Amino acid sequence: MTRYVYRFGAGEADGRSDQKDLLGGKGANLAEMTNMGIPVPPGFTITTEVCAYYHDNDHTPPDELTDQVTSALERVGELTGAVFADPENPLLVSVRSGAPVSMPGMMDTILNLGLNDDTVQGLAAKTGDLRFAYDCYRRFVAMYGEIVMGVTAPSEHEENPFSRILEDAKVERGVDRDADLSAEDLKSLVTEYKIAILRTTDQPFPEDAMAQIWGAIGAVFGSFYNPRAQVYRRLHGIAGSIGTAVNVQAMVFGNMGDDCATGVAFTRDPSTGEPGLYGEFLRNAQGEDVVAGLRTPDPIDELAAVMPQSHAGLVAIGERLESHFRDMQDLEFTIQSGNLWLLQTRNGKRSARAMVRTAVDMVREGLIDQREAVLRVEPEKLEELMHPTLAPDGRPEVLAKGLPASPGATIGRVVFTASAAESWAKRGEQVILVRVETSPEDIHGMKAANGILTARGGMTSHAAVVARGMGKPCITACTSMKVDLTREQFAVGRTVIRKGDVVTVDGSTGELFVGAAPLVPAEPSSDFEQLMAWVDEFRRLRVRTNADTAVDARTARAFGAEGIGLCRTEHMFFAPERILAVRQMILAPDQAGRRAALDKILPMQRDDFVEIFREMNGLPVTIRLLDPPLHEFLPTTAAELAQVARELGERPEVLTALVKEFTETNPMLGHRGCRLAISYPEVYETQTRAIAEAAIAALQEGIDVQPEIMIPFVSVPAELHVLRQLVARTVDEIFAAAGVEMAYLIGTMIELPRACLVGDQIAEHADFFSFGTNDLTQTTYGFSRDDSGRFLPEYLERNLLGSDPFAVLDRRGVGGLIRIAVEQGRAVKTKLKIGICGEHGGDPDSVEFCHREGLDYVSCSPFRVPIARLSAARAALRRGTRAK
């Protein structure tokens, strides 16, 4: 017979803490605490295996479970001196969820189960307190009615029926607190609650205690599949197949009088990591009162004054559990008649600041070693340390929600054009740039803005990528926001936000707020620096940054970047003083005209490269030659066309015709990247000249320059062969003329599936491969990065995709192509340098893939450099490799 029930109580338990997959986190730790001799109310755990069975068999439990639960209930009764369903000496129990991975608040709990019209009298006689008995009874009926029988609020704007009945009763009696209601009042509430259940469900509240417990067990199993639990699992990457256990435990009561209490405590401050007991408690209350916020709890330190023995016991137990589990603990406790009981312990959820401090402190305290400290810190949490965040105690009502595209929080006045963002910023205003979607031409406005908000796009759309690179909070795909650029306003429902109105953008959560919300500034600590020093000792994979300006380079280097893996030259073109020359180059009728315009661009790019080489002294700098299609640099509206025509001395209709010639049906797969240079070699020649001249200038300043020139969008080896000759000839001529000898590399950015499949042929002409995983993902899936926000959420919701492939590298498809290219490339050149420079370079799962596949480096946005460093170290530790 399969065993589905594991018992705990009276200092003995069937399970252990290492059985979380079977018993869930709560059940495993209840068993462990019981075996440690910590006071835990007796009970039993129904395994996670039953959850899967229940779900797969039309909500029916295994046949063997009935006898096992009945036997376990009898054992709990023996240990407590009570009998389940006995009208004179009733055993009451709680029924609680407990998945293998902590999902706080996502599933359901039912307290005081076993009460009915008969057993409530037995409880009253046993405790000598009729009011207490009916207080437990009305709580149970409400919980059971909501969780098991589905009596909930009619809409999100209305109250739960039980809450409304309770509030009406307090108004009728002229009291403010639940505690001021008499036993008769509470008895009347029980009757009204049952009527509400019958009216809503056409089913009576079950008086049979065994029917109650089976209803509760089924509801808790079912809660694993409720919408909020599914969303939580998706957000945190938790598998939907793990299921939940069910824990049935004898009730202990924190609501029997002033010598009773209930509360939650942490062994360290979960916000700061400061050692010492931290938490809250309520006297004469049950756990739901703390969770629901029905009363204001007292700080845990005050427990020492009112119940000193219980407080001392809680401190001692907390220290013992933290030492045993070697991690900060989150404790739930109840004090009944002066006796302390532990209801749960688990590794506590904590802020990034607390996570880092706790890991470092525990190394100093000898609880864990440096290896464990690095593995304890979640890479994604580090982003909280890089950007300002909303103060946790001052969050206003959310106006709208989109994708959390770039973390951090910021406040500003709404503007709707890049020019307005720039001009308002120049006069000292903090602004939020609102667009339907951004384009490269918005770059100056994005740079000037404090935050970016778009109605369309995705996690790797233009707005998202650029914002992350700049370290600016950004929300994309805020689809409930209807943007009216003509009126310079947007609406969310009936709320209209106009140009100049103040909003707060939280790019960490994707939430938008009206007005200015309180912010907490980012201040990386000495603990953070210590942790990152350990990180660098363990990792093998190098971490570079995607940086287009000296400011970006300086920021990334401060975060530990070991070079630039992607410098996008086109991002230097959009400044107002440069865009005219670029447009002249594009619209020139012949090569002579293009060269004349390029001569104006050359010194601008050269100066930019000199500044970047200065910031990256002694580190490699990979500069990508022009990649996007030319139409992105051209005007689109009639007003813009007229302005450019005046600047170029051309008639608007002639300019309109020229612009039309550059329009492509599918520009992202059109005349771009190396294809442009095949048609117009003078473009790459000029950019290469700027790089070489900048390298010489920086060298003359004593800078150690390590230039790497990257040719993008190659699909045919002959493209790279031709363009490598052009680039090498240009560099060599300039170096020779200056009498300079300097090592440099010429490589390619692999963004197309065909390039991966002919990696051996391409490697013959390349010193390095850099995978542009954003475009490689686009072209592998056939998904438009900027349009996929319209359908990808549904794919994720329906589990057609496990994760957004633009956020987490697709190991099977895109990763399979990368693996082919790496194998083929290194078969030709064993020491071929290989990295990635897409946004995946800052994603922990993608970094682990790069480590496993033997890549040399990843490159990511400046503010994600610490995340990539930590992810690389964790990957090395998990695979048993260390830094060379």
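Two strands are taken to pair if DSSP finds at least two bridges between them, and strands (E, at least two residues) and helices (H or I, at least four) are DSSP runs numbered from the N terminus. The model is predicted, so local features need pLDDT of at least 70 and side-chain atom pairs count only at pLDDT 80 or more, whereas totals for chains, interfaces and linings use all residues. Residues are numbered from 1 along each chain as its sequence is written, and side-chain values use heavy atoms, with hydrogens and water left out.

**Exercise 1. Describe how strand E17 (residues 409-415) pairs with E24 and E18, and explain why E17 is largely enclosed.**

Begin with the partners: E17 pairs with strand E24 (residues 502-506) in the antiparallel sense over five bridges, and in this pairing Gly412 stands opposite Val503. With strand E18 (residues 431-435), E17 pairs in the parallel sense over three bridges, where Val414 has Ile432 as its bridge partner.

Next, follow the chain: E17, helix H16 (residues 418-426) and E18 make a right-handed β-α-β unit, right-handed meaning that, with the strands pointing away from the viewer, the path from the first strand over the helix to the second runs clockwise.

Finally, consider burial, for which buried means under 20% relative accessible area, exposed over 50% and partly exposed in between (1.4 Å probe, protein chains only). Six of the seven residues of E17 are buried, so the strand is largely enclosed by the rest of the structure.

**Exercise 2. Place E17 in its sheet and identify the edge strands.**

The open sheet has eight strands in the order E15-E25-E24-E17-E18-E19-E20-E16, with mixed pairing. Its edge strands are E15 (398-401) and E16 (403-406), each of which pairs on one side only. Neighbouring strands are turned by 35° against each other on average, direction ignored, the axes being lines fitted to C-alpha atoms, for helices over the stretch in contact, and angles running from 0 to 180 degrees between N-to-C directions.

One further pairing in this order can be worked out in detail: E18 and strand E19 (residues 451-454) pair in the parallel sense over four bridges, with Arg435 opposite Thr454 in E19.

**Exercise 3. Trace the pairings of strand E1 (residues 5-9) and state what lies in the turn of its hairpin.**

E1 pairs in the antiparallel sense with strand E3 (residues 43-46) over four bridges, and the bridge partner of Val5 in E3 is Ile46. E1 also pairs in the antiparallel sense with strand E2 (residues 12-13), over two bridges, where Gly9 stands opposite Glu12.

The hairpin formed by E1 and E2 has two residues between the strands, and Ala10 in the turn has a positive phi of about 55°. Four of the five residues of E1 are buried, so this strand is largely enclosed by the rest of the structure.

**Exercise 4. Characterise the largest nonpolar core and the contacts of Ile711.**

A nonpolar core is a set of buried Ala, Val, Leu, Ile, Met, Phe, Trp, Tyr and Cys residues joined through side-chain atoms within 4.5 Å. The largest has 141 residues, and those with the most contacts inside it are Phe613, Ile711 and Phe771. Helix H26 (residues 681-700) gives the most to this core, with nine residues. A second, separate core of 68 residues includes Val5, Leu73, Phe140 and Ala229.

For Ile711, contact means heavy atoms within 4.5 Å; not counting residues up to four places away in sequence, Ile711 touches residues including Leu625, Tyr684, Arg724 and Met749.

**Exercise 5. Compare the settings of two salt bridges, Arg350 with Asp327 and Asp767 with Arg724.**

A salt bridge is a side-chain nitrogen of Lys or Arg within 4 Å of a carboxyl oxygen of Asp or Glu, and a search of the whole structure finds 55 of them. In the bridge between Arg350 and Asp327 the closest N and O atoms are 2.9 Å apart. Arg350 lies in the loop between strand E13 (339-347) and helix H13 (352-364), and Asp327 in the loop between helix H12 (308-325) and strand E12 (329-336), so the pair ties together parts that are 23 residues apart in sequence. Both Arg350 and Asp327 are buried.

For Asp767 and Arg724, the closest N and O atoms are 3.3 Å apart. This pair links distant parts of the chain, 43 residues apart, with Asp767 in the loop between helix H29 (759-763) and strand E32 (768-771) and Arg724 in helix H27 (residues 717-738). Asp767 counts as partly exposed because its relative accessibility is 23%, and Arg724 likewise counts as partly exposed, at 24%.
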